[in-house]
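Thanks for coming, everyone. I'll keep this short. Please look at the screen while I talk.

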Amino acid sequence: MQNEVKDQLKERREAYRVLMQWVDEGAFIKDSGLSPFAMEIALGVCRRHLYLDYFVKTLTKKKPLLELQMIIEMGLFQMFFMSVPDYAAVSTSANLAKLLGFGDGAARLVNGVLGAAKKNGLPQMPPQRVRRVSIENSVPEWIVRRWFDVYGGDTAELLAKKTLERPTEWLRVNLQKTSAPKLAQKLGFEGASILYDRYVQVPADAKLKPILESESFAKGEFSLQNPSAYEVVKLLDLKPGLKVWDACAAPGGKSALMAEMDPGLCILASDVSDFRMDKMQDLANRLGLENISTACIDVLSLTEGNGMEFIARGLNLSPGALVDRILLDVPCSNMGVIARRPEAVYRLTNQSLKELADLQYRLLESAATVLAEKGIIVYATCSPDPVETTQVISKFLKAHPNFAKAGDAVLPGNKDSRFDGFFAQALIRNA
């Protein structure tokens, strides 16, 4: 019994540690290697942080220390959003406060606040709609107000609610090694939804850890990827023999998808970080993909005359030749994938959004300088916000009349609620 209590506290202590790293340093929770139980607590508290903060305010006269507030939020999340018995959530939270060295007084405070929550139930929401939607869904009020202005109240509320949904997980099948039905049967996912003959939907009750530890994963038979990636890549209009540059490739999922789709493509996957490119190479090795080369390239350096030699070498270009296809999946606000990356929503400000849009435009302008005539560049973001999408495209086309849209923009999340909220627009160079 004592060992069981120690194990319970150990997992909660790890969740607490990672949450504090997120608060103090902005660290990504999914990169922490937590156990499934600890990960559920950490991601859940992060995803509902504004709501839990509001909950604590209704239960206390004075705001607790940040460290104690985090313990209380963890307890509240376990009580109201997990299948943890109330008594276990309360007792382990109080014991965690003592274990972390905050003393008996802190443990009594945690116990008292959680006891009051158990007695009173969930808090009443404020009547003002924007404020209510913000708190209920833990989306900062300025973002909710922005969504109200851009999309209207009803759509804004739906977007906010979607941030709390557990994202649908998909396996992208490496068709060079197996088929989607065979993989689904091998993993025990009979009857699972299959899209594009290469994506298998992971059942909602399945645990990812054993899937990623399976023999099939080690053999490179599949990768984790949302089907929205396929919708983006399709815009490149790929054909065997084309020279393709994935300019912001890490962690490499779309490069790998293209290589699996057509071994006849010559693909260069690059990013600004050596560390991230090491992971990309590991991915290509696991999947057995031989038509991908990697390089560390700063896209913005192209405007200064640097970097082209790496592109030419990676794609084996003849002297003076340019690139046939470019995928530019730019750094963005992640507003289309908040459910998958809940940390992102707390980092954003109006100013940072404007700075991102400026960076995105400069990346597009720089990457486009190495695109061949009649070549296609696909600009993509995992955000649907106009500042990062249509406004960047409009500004670019106005400044570069030799480019034109190649078809309509794609927003896969509007097509299927199981898709991530991507935006992608193909542009063709006419001269």
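First, a term. A nonpolar core here is a set of buried Ala, Val, Leu, Ile, Met, Phe, Trp, Tyr and Cys residues joined through side-chain atoms within 4.5 Å. Buried means under 20% relative accessible area. And please remember that this is a predicted model.

Now the cores. The largest nonpolar core has 44 residues. Leu 19, Ile 29, Val 45, Met 74 and Leu 76 have the most contacts inside it. Which helices feed this core? At least two residues each come from α1 (2-25), α2 (36-47), α3 (49-59), α4 (66-81), α5 (86-99) and α6 (103-120). Helix α4 gives the largest share, eight residues.

Take Leu 19 as an example. Leaving out residues up to four places away in sequence, Leu 19 touches Ile 29, Ala 42, Val 45, Cys 46, Met 70 and Met 74. There is also a second, separate core, with 37 residues. Leu 195, Leu 265, Cys 332 and Val 378 are among its members. As a general point, nonpolar side chains in soluble globular proteins tend to be buried together.

Next, one helix: α15, residues 274-287. How far apart are the end C-alpha atoms of α15? They are 20 Å apart, and that agrees with the 20 Å expected for 14 residues at 1.5 Å a residue. Look at the start of α15. Ser 273 caps this N-terminal end, with a side-chain oxygen 3.3 Å from the backbone nitrogen of Phe 275. Just past the other end, Gly 288 takes a positive phi of about 70°.

Which residues of α15 are buried? They are Met 277, Met 280, Leu 283, Ala 284, Arg 286 and Leu 287. Here the general geometry is worth recalling: an α-helix has 3.6 residues a turn, so residues three or four places apart point the same way. The buried residues of α15 pack against three groups of neighbours that I'll read out: strands β1 (170-173) and β4 (222-224), helices α12 (215-218) and α14 (253-261), and strands β6 (266-271) and β7 (292-296).

Stay with α12 for a moment. Ser 214 sits in the loop between α11 (208-212) and α12. Is Ser 214 buried or exposed? Ser 214 counts as buried, because its relative accessibility is 15%. Its side chain reaches the backbone oxygen of Ile 211 at 2.7 Å. Ser 214 also touches Leu 187 and Phe 222, not counting residues up to four places away in sequence.

Now charges. The whole structure holds 23 salt bridges. One of them joins the side chains of Arg 146 and Asp 385, at 2.7 Å from N to O. This pair links distant parts of the chain, 239 residues apart. Arg 146 is in helix α8 (residues 141-151), and Asp 385 is in the loop between β9 (371-381) and α19 (390-399). Arg 146 is buried at 19% relative accessible area, and Asp 385 is buried at 1%.

Another salt bridge pairs Asp 329 with Lys 254, at 2.8 Å. Asp 329 is in strand β8 (residues 323-329) and Lys 254 is in α14, 75 residues apart. Both count as buried: Asp 329 at 16%, Lys 254 at 12%.

There is also a network. Salt bridges with shared partners join Arg 129, Arg 132, Glu 136, Asp 154 and Glu 157.

Last pair: Asp 237 and Lys 239, again a salt bridge, at 2.8 Å. Asp 237 is partly exposed at 37%, and Lys 239 is partly exposed at 40%. That's my tour.

Notes:
Residues are numbered from 1 along each chain as its sequence is written. This is a predicted model: local features need pLDDT of at least 70, side-chain atom pairs count only at pLDDT 80 or more; totals for chains, interfaces and linings use all residues. Side-chain values use heavy atoms; hydrogens and water are left out. Helices (H or I, at least four residues) and strands (E, at least two) are DSSP runs, numbered from the N terminus. The expected span of a helix is 1.5 Å times one less than its number of residues. Buried means under 20% relative accessible area, exposed over 50%, partly exposed in between (1.4 Å probe, protein chains only). Contact means heavy atoms within 4.5 Å. A polar contact is a pair of N or O atoms within 3.5 Å; within protein, one must be able to donate a hydrogen and the other to accept it, and residues adjacent in sequence count only if both atoms are side-chain atoms. A salt bridge is a side-chain nitrogen of Lys or Arg within 4 Å of a carboxyl oxygen of Asp or Glu.
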